[in-house]
Amino acid sequence: MPSRYQTLWPGMAMATAFLPLHSAVALTTLSEWKRHNGSAGLLPSDEYSALGSALPPGENAVLAIGFGYQKCGTTFINGMLREHDKVFAYGKENHYLLGSEVSHCEKNGPPGSMEDYITDCFRGRWPQKGEATFDFTPSYGIGSSIGDLVKTVKALEKDSHGITLRFIVALREPVARAASAYNMKRKNQEEGWADLTDADIDQVLLSEKTSRVHRDGEYAEPLAEWLKSFPKDSLLIVNNEHLNDYKTWTRIYSHLGLAVPKQKDFQKWLNEANSRYASLQKEKYEASHTEPYVPSAEVEQTLGKHYKSHNQKLWTLLGVDPWWPSLTR
């Protein structure tokens with residue numbers, strides 16, 4: 001069985017190699033949708049996902065804002081969404097809503113209106129009923145500017161021109177997420193990281209207790225900021241450990257009002273994508289002459305203790321049993 005510190009889904013380099021999922025779909029009529037979801041369309045909160053709700057397929061023009069944290073599977077979700085025949089998007093990690101100078105859109109944000117957003121980031125193409133477009137930028141979920149960002153998005157909602165705003169958030173056990181972030185630096189031979197041993201990385205994780213790598217795993221507070229302004233049924237929180245599961249993806253597609261691909265077609269794509277990803281990772285590890293970094297017991301205990309209270313707040317906020325066990329004794 002693969003280590004919990006290894007990534008099991010396609011990375012950024014796989015984004016252009018995804019297979020199409022334009023197959024026959026389920027739940028394509030409003031009557032079928034109501035039979036499966038009930039009149040409210042609320043999605044279950046369990047080990048696969050929390051919060052969120054299903055939209056009737058074909059009834060809404062959707063703009064999805066996605067965020068998570070580095071190494072939580074945001075690239076995989078981005079790639080998967082692009083393969084649905086009713087989804088379109090341009091670029092990844094737009095950063096536009098933050099007013100960032102590194103925006104990947106035509107102009108730097110933040111937008112003055114929904115029309116600005118669509119023009120600058122989606123080439124002026126508005127989603128129609130039954131379609132969805134999205135902006136998946138991990139940093140929308142972190143940092144000291146969350147309050148300002150939420151206000152920006154709330155203003156877009158008031159000026160939506162009939163677009164339905166939805167949110168998707170990816171979370172991963174925070175110690176594994178931090179370890180994976182530093183493993184990526186070494187594997188990709190970033191400057192200053194190529195020659196580090198596992199013990200060296202252990203020391204970095206133990207010493208940088210206030211770094212972004214640590215803060216990125218403190219999920220509850222930024223999510224609470226979003227939930228102050230947007231209803232729980234508009235945010236679907238997905239568990240990274242179940243991103244390979246069909247059940248998770250039926251909820252993601254349903255949350256966006258999209259028809260769901262047949263399971264056999266989905267599984268065929270997933271198997272092939274993971275196979276190609278494994279080959280890509282093998283090449284990177286061979287090129288860097290490294291093995292996947294696995295943190296020491298001391299790192300697990302120390303960071304596990306740091307995240308314990310944050311995790312407890314998260315489970316209370318989401319109303320679910322813990323998605324990952326406590327790493328502290």
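Colleague: Which residue is the bridge partner of Ile65 in β5?

Modeller: Bear in mind that this is a predicted model. Strand β3 (residues 62-67) and β5 run parallel, with five bridges joining them. Within that pairing, Ile65 has as its bridge partner in β5 Asp135.

Colleague: And on the β4 side, what is the bridge partner of Val87 in β5?

Modeller: Strand β4 (residues 87-88) also runs parallel to β5, and two bridges join them. For Val87, the partner in β5 is Ala132.

Colleague: Is β5 buried or exposed?

Modeller: Take the faces one by one: Ala132, Phe134 and Phe136 cover one side, Thr133 and Asp135 the other, and all of them are buried. That's five of the five residues of the strand (residues 132-136), so β5 is largely enclosed by the rest of the structure. With buried meaning under 20% relative accessible area, the verdict for β5 is buried.

Colleague: Zooming out, which strands stand at the edges of the sheet?

Modeller: The open sheet has six strands with mixed pairing, in the order β2-β7-β6-β3-β5-β4. Two of these strands have a single partner each, so one side of each is left without a neighbour in the sheet. Those edge strands are β2 (49-51) and β4.

Colleague: What stands opposite Gly66 in β6?

Modeller: β3 pairs with strand β6 (residues 164-171) in the parallel sense, over six bridges. In β6, the residue opposite Gly66 is Ile168.

Colleague: Now the helix on the sheet: at what angle does α2 run to β5?

Modeller: α2 lies across β3, β4, β5, β6 and β7 (235-239). Eight of the nine residues of α2 are buried, so the helix is largely enclosed by the rest of the structure; among them are Thr74, Asn78 and Gly79. Relative to β5, α2 runs at about 160°.

Colleague: What is the handedness of the crossing of α2 and α9?

Modeller: The axes of helix α2 (residues 74-82) and helix α9 (residues 246-255) come within 12 Å, crossing at roughly 65°. The handedness of that crossing is right-handed.

Colleague: How many of the residues in the contact of α2 with α9 are nonpolar?

Modeller: From α2, the contact uses Phe76, Ile77, Met80 and Leu81, while α9 brings Trp249, Ile252 and Tyr253. On the α2 side, Phe76, Ile77, Met80 and Leu81 are buried as well. No polar and no charged residues take part, and the nonpolar count is seven.

Colleague: Which cysteine does the disulfide join to Cys105?

Modeller: The count comes to one disulfide. Cys105 sits in the loop between β4 and α3 (114-121), and its partner is in helix α3, 16 residues apart from it. The S to S distance is 2.0 Å, and the partner is Cys121.

Colleague: Why is that disulfide called right-handed?

Modeller: Both of its ends, Cys105 and Cys121, are buried. The handedness comes from the torsion about the S-S bond, so the value that makes this disulfide right-handed is about 100°.

Colleague: What is the relative accessibility of Cys72?

Modeller: Cys72 counts as buried, and the cut-off is under 20% relative accessible area. For Cys72 the value is 0%.

Colleague: Last one: what percentage of the residues in the protein chain are buried?

Modeller: The protein chain has 11 helices and eight strands. Among contacts between residues at least 6 apart in sequence, 78% join residues at least 24 apart. Of the 329 residues, the buried share is 54%.

Conventions. Residues numbered from 1 in each chain as written. Predicted model: local features only at pLDDT ≥ 70, side-chain atom pairs only at ≥ 80, totals over all residues. Heavy atoms only, no water. Axes fitted to C-alpha atoms, helices over the stretch in contact; angles between N-to-C directions. Helix = DSSP H or I, 4+ residues; strand = E, 2+ residues; numbered from the N terminus. Left-handed = near helix turned anticlockwise from the far one by under 90°. Contact = heavy atoms within 4.5 Å. Nonpolar A, V, L, I, M, F, W, Y, C, P; charged D, E, K, R; others polar. Buried < 20%, exposed > 50% of the residue type's maximum accessible area, 1.4 Å probe, protein only. Pairing = 2+ DSSP bridges. Disulfide = S-S within 2.5 Å.
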